[in-house]
Each structure stands twice: as C-alpha cells, then as structure tokens.
Amino acid sequence: MRLSDDERQDALDVLSEHVRTGRLDFDEYGTRSAKVTAAKRVSDLLPLFDDLPSPRPSALLTTTRDSVAPAPGRPVGESALTRWALRSAVPIAVVLAIAVFVLSRGRLILVFALPLAILLITGWRRR
C-alpha cells in the first residue's frame, strides 16, 4: 500500500519520539528519517521500525507483515504448495481430459467439457 504524506510525517514524529527517549542517536535518526522520507510503500517502513518498541507509526499499526505489499505475482498468505496447486490444476485437468477422451474414443467428452471449462475460467481469474 502506498504511503500518504501524513503517514510519512507520522513515521518521522515516531522516530523523533525514539530519539527523545534515547533509543536512537542522532546519526541513526538522520539515516532512518531519510529512508522514511524516500519511502513509497508501507513495506518500506517495516525494516526501519522492526527493532524499535512502541510507539509505532499508524501505517504499521493498521497492517501486518503478511498483508503488506505482496511480491508481484505472489498472492498474500499462499504457501508454495498452494501456489503449485493453483498453477498446475489446469494443465493436469487438460491432460486428464485428453487421456479420457482418447481412451473412451470421444464418448465421454461431454462429461469432461463442463468441469474443464470451469477449471479454465477459474484458473484464468486467479492470475
């Protein structure tokens, strides 16, 4: 999720609070505040506050590490097995349908036409 100017300012205010309480020195504050100013997404703020206790910026309180900016093409919360199953379901269904079609000499094509169509449609929607 992209950061607003208010969320960046809130993150800078939280960093200032950590300097006032002695958790950060001025050099580290300068480094982190420059990164906050350059941050485009909430996920850019995570490494800057991982080692600091409360208070936290409001942008980090409303999101968790799992729900922040997923990698392109990788849905949030999916395991490797789930991703493999989603990618391979359609090709497996196609191979099975062709095998049954060949073995039944075309008589069972109608039995597999509807499920195959459903798999193809749902497979394309998830990408």
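**Note on a predicted six-helix chain**

1. Pro55 lies in the loop between α3 and α4; helices (H or I, at least four residues) and strands (E, at least two) are DSSP runs, numbered from the N terminus. The peptide bond that leads from Ser54 into Pro55 is cis, and its omega is near 5°.

2. The model is predicted: local features need pLDDT of at least 70, side-chain atom pairs count only at pLDDT 80 or more, and totals for chains, interfaces and linings use all residues. Residues are numbered from 1 along each chain as its sequence is written, and side-chain values use heavy atoms, with hydrogens and water left out.

3. The chain contains six helices and zero strands. Its pattern along the sequence is accordingly written α-α-α-α-α-α. Of the contacts in the chain with a separation of 6 or more, 53% join residues 24 or more positions apart; a contact means heavy atoms within 4.5 Å.

4. How much of the chain counts as buried? Of its 127 residues, the share is 25%. Buried means under 20% relative accessible area, exposed means over 50%, and partly exposed lies in between (1.4 Å probe, protein chains only). The accessible surface of the chain comes to about 8900 Å², and carbon and sulfur atoms hold 62% of that surface. Such areas come from the Shrake-Rupley method with a 1.4 Å probe, and for residues only the protein chains shown count as cover.

5. How do helices α2 and α3 lie relative to each other, roughly parallel or roughly antiparallel? The axes of α2 (residues 26-38) and α3 (residues 42-49) come within 9 Å and cross at roughly 170°. The two helices are therefore roughly antiparallel. Axes here are lines fitted to C-alpha atoms, for helices over the stretch in contact, and angles run from 0 to 180 degrees between N-to-C directions. Angles under 35 degrees count as roughly parallel, over 145 as roughly antiparallel, 65 to 115 as roughly perpendicular and the rest as oblique. On the α2 side, Arg32, Lys35 and Val36 take part in the meeting; their partners in α3 are Leu45, Leu48 and Phe49.

6. Helix α3 has several buried residues: Val42, Leu45, Leu46, Leu48 and Phe49. What covers them includes α1 (5-20), α2 and α4 (58-61). Leu45, Leu48 and Phe49 thus appear both among the buried residues of α3 and among the residues of α3 that meet α2.

7. How many salt bridges does the chain have? The count comes to four, where a salt bridge is a side-chain nitrogen of Lys or Arg within 4 Å of a carboxyl oxygen of Asp or Glu. Two of the pairs are found in helix α1. Asp5 pairs with Arg8, with the closest N and O atoms 3.0 Å apart. Asp5 is exposed at 61% relative accessible area, whereas Arg8 counts as buried at 15%. Arg20 pairs with Glu17, and here too the closest N and O atoms are 3.0 Å apart. Arg20 counts as exposed at 61% relative accessibility, while Glu17 counts as partly exposed at 28%.

8. In helix α2, Arg32 forms a salt bridge with Glu28, and the closest N and O atoms are 2.6 Å apart. Arg32 counts as buried at 8% relative accessibility, whereas Glu28 is partly exposed at 32%. Together with Asp51, these two residues are linked in a network of salt bridges. Arg32 is also one of the residues of α2 that meet α3.

9. Why can these pairs within a helix face each other? An α-helix has 3.6 residues a turn, so residues three or four places apart point the same way. Asp5 and Arg8 are three residues apart in α1, which means a separation of about one helical turn. Arg20 and Glu17, also three residues apart in α1, are separated by about one helical turn. Arg32 and Glu28 are four residues apart in α2, again about one helical turn.

10. Gly30 also belongs to helix α2. At 35% relative accessibility, Gly30 counts as partly exposed. Gly30 and Leu15 are 15 residues apart in sequence, and their C-alpha atoms are 9.6 Å apart in space.

11. Ile98, Phe101 and Val102 make a nonpolar surface patch of about 290 Å². Patches are made of residues with over 30% relative accessible area and no salt bridge: like charges are joined within 9 Å, nonpolar side chains (Val, Leu, Ile, Met, Phe, Trp, Tyr) within 5 Å. Phe101 lies in helix α5 (residues 80-103), and its relative accessible area of 38% makes Phe101 partly exposed.
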